[in-house]
Amino acid sequence: MQSSQYQIIGQLKKTGNVRFGDQTPLQTFQFWGGKAFYWTFRVVVPYAVGLPFWQVIFQYLLVDLFNSLMIAFVIQVSHVAADVDFPKPDENGFISCDWWELQVRTTLDYATDSWFWTYITGALNHQTAHHLFPGVSQTFYPLITPIVKNTCRDFGIKYNE
């Protein structure tokens with residue numbers, strides 16, 4: 001890949017076989033407006049209501065640390081587990097299954113019937129559906145998961161849960 005294909009966010013045109021278009025003015029506004037909203041309510045408002053600056057920064061870092069640990073645990077549980085396969089490529093560098101099967105074999109779902117864990121993890125407890133259908137909103141993962149389970153059973157593919 002040539003380095004000229006990499007540019008600043010919002011300007012990326014092509015990476016491999018994936019094409020990206022320019023952002024519309026509305027998308028640009030939503031992008032920067034979302035960032036302004038985030039910083040306003042995470043830093044400016046607490047400081048404006050009278051919290052000392054050091055406390056605002058401390059609380060910001062504490063919340064960020066908690067969120068980072070939470071997402072790290074969610075990702076680790078779904079990917080680094082004894083039940084998932086870690087297929088090795090053959091001498092030619094190929095893995096002996098198709099992409100769909102590889103996604104199922106290398107991910108782990110947990111608590112897929114739990115509204116609580118689906119909500120807390122942003123539906124990443126439905127990791128297999130997330131890998132198979134990355135462009136689908138996570139709100140649909142609880143509906144997709146039973147279909148994936150049945151399809152795996154029909155084709156004799158081990159579904160990790």
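# Chatting through a predicted six-helix, two-strand chain

Modeller: The chain has 6 helices and 2 strands, and please keep in mind that this is a predicted model.

Biologist: Thanks! What pattern does the chain follow along the sequence?

Modeller: Both strands come ahead of the helices, giving β-β-α-α-α-α-α-α.

Biologist: And how much of the chain is buried?

Modeller: Buried residues account for 21% of its 161 residues.

Biologist: What about contacts, what share join residues at least 24 apart?

Modeller: That share is 39%, counted among contacts between residues at least 6 apart in sequence.

Biologist: Let's go to pockets. How much space is in the largest one?

Modeller: The largest pocket holds about 220 Å³ of space.

Biologist: Which residues line that pocket?

Modeller: The lining is made up of D98, W100, E101, V104, L132, F133, I147, V148, T151, C152, F155 and I157. Two elements, α3 (99-105) and α6 (141-155), give two or more residues each.

Biologist: Which helix gives the most to the lining?

Modeller: That's α6, with 5 residues.

Biologist: I'm thinking about chemistry here. How does the lining split by class?

Modeller: There are 9 nonpolar residues, 1 polar residue and 2 charged residues in the lining of the largest pocket.

Biologist: Okay, on to the core. Which residues make up the largest nonpolar core?

Modeller: It has 9 residues, namely V104, A123, A129, L132, Y141, I144, V148, C152 and Y159. Helices α5 and α6 each supply at least two of them, and the largest share, 4 residues, comes from α6.

Biologist: Which of those core residues did I just see in the pocket lining?

Modeller: V104, L132, V148 and C152 appear in the pocket lining and in the core.

Biologist: A123 caught my eye in that core. Where is it in the chain?

Modeller: A123 sits in the loop between α4 and α5. Its phi is positive, about 70 degrees, although A123 is not a glycine.

Biologist: Why does A123 count as buried?

Modeller: Because its relative accessibility is 2%, and the cut-off for buried is under 20%. Leaving aside neighbours within four places in sequence, A123 is in contact with T118, Q138 and Y141.

Biologist: Which other non-glycine residue has a positive phi, say about 50 degrees?

Modeller: A111 does. A111 is in the loop between α3 and α4, and with a relative accessible area of 31% it is partly exposed.

Biologist: Back to the α4–α5 loop: is H126 buried or exposed?

Modeller: H126, in the loop between α4 (115-120) and α5, is buried, with a relative accessible area of 0%.

Biologist: Which residues does H126 touch?

Modeller: Not counting residues up to four places away in sequence, H126 touches D109, T112, T118, Y141, P142 and T145. T118 and Y141 are also among the contacts of A123.

Biologist: Changing topic, how far does α2 reach?

Modeller: Helix α2 (residues 53-79) has 27 residues and spans 39 Å from first C-alpha to last, close to the 39 Å expected at 1.5 Å a residue.

Biologist: Which residues of α2 are buried, and what covers them?

Modeller: V56, Y60, V74 and S78 are buried in α2. The cover over the buried residues of α2 includes α1 (25-48) and α5 (127-132).

Biologist: V56 and Y60 are four places apart, as are V74 and S78. Why would residues with that spacing point the same way?

Modeller: An α-helix has 3.6 residues a turn, so residues three or four places apart point the same way.

Biologist: Nice. What about M70, how accessible is it?

Modeller: M70, which is in helix α2, has 24% relative accessibility and counts as partly exposed. Setting aside residues up to four places away in sequence, M70 touches W117 and I120.

Biologist: How many residues apart in sequence are M70 and I120?

Modeller: They are 50 residues apart in sequence, with 9.4 Å between their C-alpha atoms.

Biologist: Last one: where is N160?

Modeller: N160 lies in the segment after α6 and is buried, with a relative accessible area of 2%. The C-alpha atoms of N160 and L108 are 4.9 Å apart, though 52 residues separate them along the chain.

Biologist: Which residues is N160 in contact with?

Modeller: Neighbours within four places aside, N160 is in contact with D83, V84, V104, R105, T107, L108 and D109. V104 is one of the core residues too, and D109 is also touched by H126.

Technical notes: Residues numbered from 1 in each chain as written. Predicted model: local features only at pLDDT ≥ 70, side-chain atom pairs only at ≥ 80, totals over all residues. Heavy atoms only, no water. 1 Å grid on protein atoms, 1.4 Å probe; cavity = no way out; pocket = protein on both sides within 12 Å on 5 of 7 lines; lining within 4 Å. Points joined across faces, edges and corners; volume = space filled by probe spheres on them. Nonpolar A, V, L, I, M, F, W, Y, C, P; charged D, E, K, R; others polar. Expected span 1.5 Å × (residues − 1). Buried < 20%, exposed > 50% of the residue type's maximum accessible area, 1.4 Å probe, protein only. Contact = heavy atoms within 4.5 Å. Core = buried A, V, L, I, M, F, W, Y, C linked by side-chain atoms within 4.5 Å.
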